[in-house]
Amino acid sequence: MKNLGGIDARSAFSTRCYDLDTVGTPALLRCFERDEPRSVAALGDIRIVNESLTAFFCSIQCPGYIIVRIYDLARTLRRTNTTLIGGFQSPMEKEFLDLFLRGSARVVVCPARSIENMHVPQTWRSAISESRLLILSPFASYNRRPTAALSARRNDLVAALAHSRPSSLSPTPPREARPSPWLPSKRR
């Protein structure tokens, strides 16, 4: 079995679940508050989350001048050591991911759904094999399709991971101003 930077090819394409209370879980994933997800599913080299992560968000509707700037940004970033994290769900985000994966940089994709039984595109498989792509999801297996609510929760995850740094993982004070996006919402 081919070794892929510390992981073998067989384990690179199998989803692993990390209990966030377990000692062996990467430190960066333990930055969540108590009411947030207690486990995260990962496909790829989990060590990518220990790097400094830059979040990428893009609306479904973008003016033309922004699209041109995003292409320039993608071409610039793909030649750097920048590690991006995002949902890569909107058309512009998907295009950006495609451009970014053509370079040598690393990416963390956080779909707004479970990654259990998820189809992994061939271009993503190549990047996973090279330990340059990690697919990460805190969503349970019954969340098979992205929704607006799951996308909002995913965006909070992306922002939390990009904001956290391995050297500054002290617990944050609880957010009292707004409810946690990880708790089930109460039906009205």
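Q: What does the accessible surface of the protein chain come to?
A: In this predicted model, the accessible surface of the protein chain is about 10800 Å². Carbon and sulfur atoms hold 52% of that surface.

Q: How many of the 188 residues, as a percentage, are buried?
A: A residue is called buried when its relative accessible area is under 20%. By that criterion, 43% of the 188 residues in the protein chain are buried.

Q: Which secondary structure elements does the protein chain contain, and in what pattern?
A: The chain has five helices and eight strands. Along the sequence they follow the pattern β-β-α-β-β-β-α-β-α-β-α-β-α.

Q: Which residues of the largest nonpolar core touch the most other members?
A: This core has 26 residues, and those with the most contacts to other members are Phe-88, Phe-96, Val-107, Trp-124 and Ile-135. At least two core residues come from each of several elements, including strand 4 (39-44), helix 2 (64-77) and strand 8 (133-137). Helix 3 gives the most, namely six residues. Apart from this core lies another, of 16 residues, among them Val-40, Ile-85, Leu-134 and Leu-157.

Q: Which residues does Ile-135 touch, beyond those up to four places away in sequence?
A: Its partners include Ala-41, Leu-43, Val-109, Met-118, Trp-124 and Ile-128.

Q: Why do the buried residues of helix 4 lie on the same side?
A: An α-helix has 3.6 residues a turn, so residues three or four places apart point the same way. In helix 4, the buried residues are Trp-124, Ala-127 and Ile-128. They lie on the same side of helix 4 because they cover an arc of only 100° around the axis. Just after helix 4, Ser-131 adopts a positive phi of about 60°.

Technical notes
Residues are numbered from 1 along each chain as its sequence is written. This is a predicted model: local features need pLDDT of at least 70, side-chain atom pairs count only at pLDDT 80 or more; totals for chains, interfaces and linings use all residues. Side-chain values use heavy atoms; hydrogens and water are left out. A nonpolar core is a set of buried Ala, Val, Leu, Ile, Met, Phe, Trp, Tyr and Cys residues joined through side-chain atoms within 4.5 Å. Buried means under 20% relative accessible area, exposed over 50%, partly exposed in between (1.4 Å probe, protein chains only). Helices (H or I, at least four residues) and strands (E, at least two) are DSSP runs, numbered from the N terminus. Contact means heavy atoms within 4.5 Å. The arc is that of the directions from the helix axis to the C-beta atoms. Accessible areas come from the Shrake-Rupley method with a 1.4 Å probe; for residues, only the protein chains shown count as cover.
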